[in-house]
Amino acid sequence: IETGLGGRLDATNVIKNPLCCVFTSISRDHMGFLGDSLAEIASEKAGILMGNTIAVSVKQKPEVMQVLETECGTKGIPLTVAGYEEVVSKQVTTEGRIFSYKGYDNLEITLPGTCQIKNAVTAVETILALNSQFPVKEEDMRNGIRNTYWFGRMTKVSDKPVVYVDGAHNEDASLELVKTLKECFSGTRIIAVVGMFADKEYEKVLEYTLPLMESVITITIPNNKRSLPGIELAKTAMKYHNSVTSAGSLKEAFEMAQLLCGEDGMVLAYGSLSYIGE
């Protein structure tokens, strides 16, 4: 069960005796609700720790790790940390990754994003932590990781033209997107379609990602009062790119992007998960 927002006050906290509490990467997001600093946000997330549970976390930034370790220590909850430094990368393609972790050789994921290995090893550690209560065969674990599909996380939705969609709605997510593009799509002509919410760190997202784009088309996310107008997003984008256009609709933006990318480029739509389905 995934918490929706934060942890301490999230609706999922009606479950008072979770078997295991798992923390994926904690970053600056939803600051209006969770706090301005990483430590404050981590404290809210750590609110899921209760009862006679165990905890698993990906290796976090130092200020986040300190909060989780302190909370677990205070409550007497054992904490396992998935160490990314123990990952040995074997193969990286636009279709996924093969890697080894601890005693497990050639684990395969079909999610191309750089952050997905961290998520995968966190899943492995969670399975191991629960193994005494719920034994899982290694074959089943491997199949589960291989078959995991998460739409909207660097997902290919078309071959002709090549189109990818990715949430990339905050600073950390945009940095992961940049790593993925450099690692898997170096040299590819990328036409960006970008829509974002006004309450997100949109300028940082643009600053990090736009240098990798050939052209940029901004949109207003439809049917949402939190949307940043496409023309305002374009004005900010112009600080970091000299080829920026604002489209009147997502359909218009895609048609423009399709023309610009031709047969050898790709379209990348990102900035919010809220319009990726459309």
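Is valine 14 buried or exposed? Select valine 14 to begin the tour, and keep in mind that this is a predicted model. Valine 14 is exposed, because its relative accessible area is 68% and the cut-off for that word is over 50%. Along the chain, this residue sits in the segment before β1 (20–23).

Now add Ile1 and Ile15 to your selection. Together with Val14, they make up a nonpolar patch on the surface. The accessible area of these three residues together is about 360 Å².

For the next stop, go to the loop between β5 (96–101) and β6 (104–109), where you will find lysine 102. Look at its backbone: phi is positive here, about 55 degrees, although lysine 102 is not a glycine. Its relative accessibility is 45%, so lysine 102 counts as partly exposed.

Then move on to methionine 154, in the loop between α5 (138–147) and β7. Here is another backbone angle to check: methionine 154 has a positive phi near 50 degrees, and this residue, too, is something other than glycine. What is its relative accessibility? The value is 4%, and methionine 154 therefore counts as buried, since buried means under 20%.

For the last stop, select lysine 160 and proline 161 and look at the peptide bond that runs from one to the other. That bond is cis, with omega near -5 degrees. Proline 161 belongs to the loop between β7 (155–158) and β8 (162–166), so you can show both strands to frame the view.

Key:
Residues are numbered from 1 along each chain as its sequence is written. This is a predicted model: local features need pLDDT of at least 70, side-chain atom pairs count only at pLDDT 80 or more; totals for chains, interfaces and linings use all residues. Side-chain values use heavy atoms; hydrogens and water are left out. Patches are made of residues with over 30% relative accessible area and no salt bridge: like charges are joined within 9 Å, nonpolar side chains (Val, Leu, Ile, Met, Phe, Trp, Tyr) within 5 Å. Accessible areas come from the Shrake-Rupley method with a 1.4 Å probe; for residues, only the protein chains shown count as cover. A salt bridge is a side-chain nitrogen of Lys or Arg within 4 Å of a carboxyl oxygen of Asp or Glu. Helices (H or I, at least four residues) and strands (E, at least two) are DSSP runs, numbered from the N terminus. Buried means under 20% relative accessible area, exposed over 50%, partly exposed in between (1.4 Å probe, protein chains only).
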